[in-house]
Amino acid sequence: MIKMKIDTHIHSQYSKDSITPLEDIVKYSQKIGLGAIAITDHDEIEGTWAVRKLEHEGLLLIPGEEVSSTKGHIVALGITDYIKPLQTPEETIDAIHDNAGIAIAAHPYSYYRSGLGSITRDLDIDAIETKNSRFIFGVSNYLSNNLSIEKDIPPIGASDAHFIEGIGSCYTEIPDASDVDQILKYIKKNKTSAHGKRTPMKLIIREVLRKKGLKTKPKVIEDE
């Protein structure tokens with residue numbers, strides 16, 4: 001069976017903690033062979049709509065948002081409208097479902113990055129990030145994977161990239177899909193597998209320094 005690789009958790013210049021241009025995200029994603037991506041900025045959907053105006057041949061674009069609930073972050077995929085932040089996790093998930101989307105627990109056991117934690121097991125989530133590439137020791141992904149197996153929750157691999165080089169570090173494999181609706185169906189039917197590795201620590205440190213106001217030289221993406 002033909003498989004495709006997707007990255008469902010990428011931050012752009014429209015996110016409060018990223019400066020990555022949408023054009024660079026699209027070019028790099030095409031370059032490394034991803035079949036679909038989702039721009040999931042923090043409590044913001046302007047970027048996920050703006051990217052659709054760009055040329056993106058061979059790359060499906062999944063509407064998305066990383067929503068801050070009162071207990072932690074939830075990635076919304078396939079939504080038709082903005083999901084407001086600071087609702088309870090239950091209210092957030094209901095709002096995502098009401099907007100034709102699916103709800104994914106983002107890095108749930110990464111407490112320092114506002115993961116949902118142990119309440120994840122009691123929520124009506126559609127999938128869970130079992131491989132999020134922005135980890136330090138790996139225990140958060142280990143615990144997420146255990147919950148995925150225990151509760152039969154579809155596993156998701158996602159980069160959570162805040163800069164170009166992080167895109168695709170972790171990714172999800174699904175059967176080849178022709179459109180976004182089919183991707184969402186494959187995820188809900190648990191036809192997913194999570195793959196990838198940690199974003200190199202030197203790049204994460206560089207990002208932390210940038211956020212603290214120190215200047216770093218961004219990588220320029222050139223056409224081949």
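**Glu 65 and His 107**

Colleague: The backbone nitrogen of Ile 83 lies 3.0 Å from a polar atom of the Glu 65 side chain, so what makes this pair a polar contact?

Modeller: A polar contact is a pair of N or O atoms within 3.5 Å, where within protein one must be able to donate a hydrogen and the other to accept it, and residues adjacent in sequence count only if both atoms are side-chain atoms; the 3.0 Å between Ile 83 and Glu 65 is therefore within the limit. This is a predicted model, in which local features need pLDDT of at least 70 and side-chain atom pairs count only at pLDDT 80 or more, while totals for chains, interfaces and linings use all residues. Residues are numbered from 1 along each chain as its sequence is written, and side-chain values use heavy atoms, leaving out hydrogens and water.

Colleague: Why is Glu 65 called buried?

Modeller: Its relative accessible area is 0%, and buried means under 20%, exposed over 50% and partly exposed in between (1.4 Å probe, protein chains only), so Glu 65 counts as buried. Glu 65 lies in strand β3, residues 60–68, a strand being a DSSP run of E of at least two residues, numbered from the N terminus. Beyond four places in sequence, Glu 65 touches residues including Ile 39, Tyr 82 and Ile 83, with contact meaning heavy atoms within 4.5 Å.

Colleague: How do you know whether His 107 is buried or exposed?

Modeller: His 107 has 4% relative accessibility, and therefore counts as buried. His 107 is found in the loop between β5 (102–105) and β6 (127–132), and a polar contact of 3.3 Å joins its side chain to that of Glu 66.

How values were computed
Helices (H or I, at least four residues) and strands (E, at least two) are DSSP runs, numbered from the N terminus.
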